[in-house]
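Trainee: I am new to this structure, and I would like to understand how each label is justified. Could we go through it together?

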Amino acid sequence: MNKPTPAAVPAAFSRDIKTIVNAGLQRRHAAERRFRSYGLIAISLGLLFVVLMFANIIGKGYPAFWQTYVQVPISFDPAVIDPQGTRDPVAIESADYAALVRAGMRRMFPTVEGRTELRALYALVSSDATYELQRRIHQNPALIGSSQEIWLLASATVDTLVKGNIDRALDETERPIKDNQIGWVDKLQAAGKIEKQFNTILFSSGDSREPEQAGIRGALMGSFYTLLITFLLSFPIGVATAVYLEEFAPKNRWTDLIEVNINNLAAVPSIVFGLLGLAVFINFFDLPRSAPLVGGLVLSLMTLPVIIIAGRAALTSVPPSIREAALGMGASKLQMVGHHVLPLAMPGMLTGAIIGMARALGESAPLLMIGMVAFIVDVPKGIMDPATVLPVQIYLWSDLPERAFVERTSAAIMVLLAFMVLMNGLAIILRKRFERRW
Amino acid sequence: MSTTTIEIKTALDATLHSDTDADKRSSVEVTDYNNRQTVGKITVDHPKMVCRNVNVYYGAKQALKNVGIDIGINEVIAFIGPSGCGKSTFLRCLNRMNDTIVACRVAGQIKLDEDDIYDKSIDVVQLRARIGMVFQKPNPFPKSIYENVAYGPRIHGMVNTKAELDELVRASLERAGLLKEVEKRMNEPGTSLSGGQQQRLCIARAVAVNPEVILMDEPCSALDPIATAKIEELIDELRENYTIVIVTHSMQQAARVSQRTAYFHLGDLIEVGETDQIFTNPKHKLTEDYITGRFG
Ligand SMILES: Nc1ncnc2c1ncn2[C@@H]1O[C@H](COP(=O)(O)OP(=O)(O)OP(=O)(O)O)[C@@H](O)[C@H]1O
Ligand SMILES: [Mg+2]
């Protein structure tokens, strides 16, 4: 056999590799060091901004978790609550509890006289105080006739003053609280009759015009129902679509077109989905405005492409050897997918879904379009009730000038961020938990 | 891939042009390089599978040309040949695993007993239950050892009770020579086994559905000599109950485990014969070159 003539030895082969490499070594290491320091700088900058943001939000928002209460001596006068003495619940319900509150305030400051003065005094407690007394009597009618020291919700201005957010040096006309009111609050404080308690109202009530009575429960429930609809719709449809496209669909021009469209949909600005929802679900299908059902439908449209793309990525990452093993055993295609591929892809799919849901949770623009921006006091009880969502609530509150609302805006942001972190944490846990070696 | 092909071609050209060299070592009957007709006897007395005129294309590229061969009942037949010659392709035709490759097209006739396996009336699910497969890289499911073996019987509905299934799993592991090693750890993941054990688990998994034919594509290429020896021993035992087709790169292995051997070269089935005869007295020059280590 003829041996092929060997190629000429390249000149580079005759040089000493050691000296060549050593000559360039320093340059290589320097480049590496430079690259690392760039990375460190970038990360530190990023961290700095995150810390700044959190410090700002938490600094502003944490006082909102505490609310000022005033202890008022209330006598549940039967002559006011139940003049007829019938103990008829309906009559008791509609009694003049405001009079009880006013009497209690006068009892603490007997010297105050005159209409304006008295009105200023009564303004120290929130209008919620009246309902508080009503609630107590409703729960325990035996209170009628007794006298009690009761912690009543202070008005938002008093709360702001107590939290030190009102400049006492300002002229009386320039601040929301008058000199005489400041004097009373100081006296109450000295007597230990003013106290800050954990703000349960923030978590138990819906929106309100009175900042001290405004809570995020309505928005939270709205977000919950909206996301529930979003998840129930987008997860099964998204997973089914991903499985079909990845495992069953023939690879032709149509599926290519669909794929391109899905990728493009994922990049469509969310407000466009809002307009679509307005046109289709509300104007055409006549679904109610402001309803979590419509919000969920709109957010599903937005989340679907994300879930499909994540799902397909998760499916392709399942090694082909597992598919071959299943098919080689005589499993049908559906069995192969159902028994082996899908379980292995599930963590990735769930991660994608949760990240999509976290995005949907933070979305406000498309929901503005479908009327979820209305002022709604009642906590929604279902998917058809008018509702708003957490980010929209934040947007609404951020528009209001009262200091107490500024505080609540930040508090609501904190709650929203907490849920985001929770959801992303869940995604990480799921991934770690179900990740399998193969 | 393409480099291998080119190397082979150069080697071939080189040989073709040096007549003196070639003449020295070849006897008269040996078929010339240019002849791509299969030499040797492709038929057997009791065939399990009969393949005729099998042509396989990947898109426009033809990977197998006019392959015809019988596979006998309860025999071990080895497919050998240089890399890229189409051994795996042919093996995957036998249980229609090529169906999963979109570009792949198979023409010709392959029969399992009396059924044409590419006939419309034949369902691949049924076919693959009858023809099991063991892959080059051990690929147990990421499930427990027990579940791995129980999977086939489960999906095909072979057993009715848990006790029956237990028995079947144990018997299959026994046949794959793995029972002793895993008896105590049936619920551990199949992937926690060693490479050789994993491959025997895959054999047990294939055996569990009681197939008629078992296809093995280089089952030992990822294993050390001891694990390889175990599997070779196993193949010899399995022959009693099954027909086995094995693709291998090791000629020693082919010589040790098989009764018949088929040599493939660049998409052609060059030579078929008794293993002894192929390795001691090949009838085609290409076969001779390959087994004497001239290339491949
Ligand atoms: N999925 C595929 N698509 C296109 N061509 C393929 C595909 N699979 C194999 N081929 C081609 O078909 C030819 C035969 O490949 P095959 O895998 O059957 O070779 P082989 O004999 O098994 O080689 P090896 O010993 O390296 O495994 C090769 O030229 C290969 O490039
Ligand atoms: Mg191969």
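**Labels and their cut-offs**

Mentor: The helix α3(B) gives the largest share of the shell around ligand 1, three residues, where helices are DSSP runs (H or I) of at least four residues, numbered from the N terminus. This is a predicted model in which local features need pLDDT of at least 70 and side-chain atom pairs count only at pLDDT 80 or more, while totals for chains, interfaces and linings use all residues. Residues are numbered from 1 along each chain as its sequence is written, chains are lettered from A and ligands numbered from 1 in the order in which they are written, and side-chain values use heavy atoms, with hydrogens and water left out.

Trainee: What makes B:Ser88 a polar contact of ligand 1?

Mentor: A polar side-chain atom of B:Ser88 lies 2.6 Å from an oxygen atom of ligand 1, and a polar contact is a pair of N or O atoms within 3.5 Å, so the pair qualifies.

Trainee: Why does B:Cys104 form no disulfide with B:Cys93?

Mentor: A disulfide needs two cysteine sulfur atoms within 2.5 Å, but the sulfur of B:Cys104 is 6.0 Å from the closest cysteine sulfur, in B:Cys93, and that is too far for a bond. Over all chains, the structure holds zero disulfides.

Trainee: Why is B:Cys220 called buried or exposed?

Mentor: Buried means under 20% relative accessible area, exposed over 50%, and partly exposed in between (1.4 Å probe, protein chains only); B:Cys220, at 7%, therefore counts as buried. By contrast, A:Val50 in helix α1 of chain A has 41% relative accessibility and so counts as partly exposed.

Definitions and conventions:
Helix = DSSP H or I, 4+ residues; strand = E, 2+ residues; numbered from the N terminus. Polar contact = N/O pair within 3.5 Å; in protein donor to acceptor, adjacent residues only side chain to side chain.
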